[in-house]
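Please open the model in a viewer and keep the selection tool at hand. The stops below are to be taken in order.

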Amino acid sequence: MAHLFFYLVALVAVVSGFLVIKCKTPVNSAIALVNTFFCLAIFYVMLEAPFMAAIQIMVYAGAIMVLILFVIMLLNLGSEARKRYTHGVAWGAACGALVLVQVLYFLNRGEATGMKGEVTSDMINTLGHTELIGKALFTQFLLPFEITSILLLVAIVGAVVLAKKDV
């Protein structure tokens, strides 16, 4: 039953991901992206990582999607955006085919390394997911975390500058 549920959620995630790029309006694409985020949260629950599932829903399906919708509404992309990027379908299909060939190549040629990480399931059960994620985020990955925050800040400022007509 778990396999059937996994395949059902995976199918919904793939269809939602396809709808993100295929929908005509940006708002419909954003709704499909939220559905994809919820499917990813279900995958986290199936992997027994409820903290990551909650963060997936709160951060991505909540805050990031509100930010994306705010930028879409602020920029007021209308029919001009649709006219400009109709030629991108051929390039997108070509890039997608290239990525598919690469994935199939690496899946057929690659092999598991057999390396074990330093985090074991016993360590996860004793310490918990949240503590391990917090330690890794604020020790090993502090610089990428801060760079991402600066990048998001620059994107927000850039969206406001682009939306202003009298600059």
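Begin with helix α1, which contributes the most to the nonpolar patch, with five residues. Please note that the model under inspection is predicted.

**First stop: the surface patch**

Select residues 2-22 for α1 and residues 26-46 for α2; each of these helices supplies at least two residues of the nonpolar patch. Next, select F5, F6, Y7, L8, V12, I42 and M46 and display their surface: together these residues form the nonpolar patch, with about 620 Å² of accessible area. F5, a convenient residue on which to centre the view, lies in helix α1.

**Second stop: the second largest pocket**

Turn now to the second largest pocket, whose volume is about 520 Å³. Its lining comprises 15 residues, and those closest to the pocket centre are I55, V59, Y60, L137 and F145. Colour α3 (50-75), α7 (129-138) and α8 (142-163) separately, as each supplies at least two lining residues. Which helix gives the most to this lining? It is α3, with seven residues.

Colouring the lining by residue class shows 11 nonpolar and four polar residues, with no charged residues. Where does the pocket lie with respect to domain 1 and domain 2? Select 1-80 for domain 1 and 119-167 for domain 2: both give residues to the lining, so the second largest pocket lies between them.

**Third stop: the salt bridge**

Finally, stay with α7, one of the helices that supply the pocket lining, and select E131 and K135. Their side chains meet in a salt bridge, with an N to O distance of 3.3 Å. The structure holds one salt bridge. Because E131 and K135 are four residues apart in helix α7, about one helical turn separates them.

Definitions and conventions
Residues numbered from 1 in each chain as written. Predicted model: local features only at pLDDT ≥ 70, side-chain atom pairs only at ≥ 80, totals over all residues. Heavy atoms only, no water. 1 Å grid on protein atoms, 1.4 Å probe; cavity = no way out; pocket = protein on both sides within 12 Å on 5 of 7 lines; lining within 4 Å. Points joined across faces, edges and corners; volume = space filled by probe spheres on them. Nonpolar A, V, L, I, M, F, W, Y, C, P; charged D, E, K, R; others polar. Domains from an automatic or database assignment. Patch = residues over 30% accessible without salt bridge, like charges linked within 9 Å, V, L, I, M, F, W, Y side chains within 5 Å. Areas by Shrake-Rupley, 256 points an atom, 1.4 Å probe, with all protein chains shown as cover. Salt bridge = Lys/Arg side-chain N within 4 Å of Asp/Glu carboxyl O.
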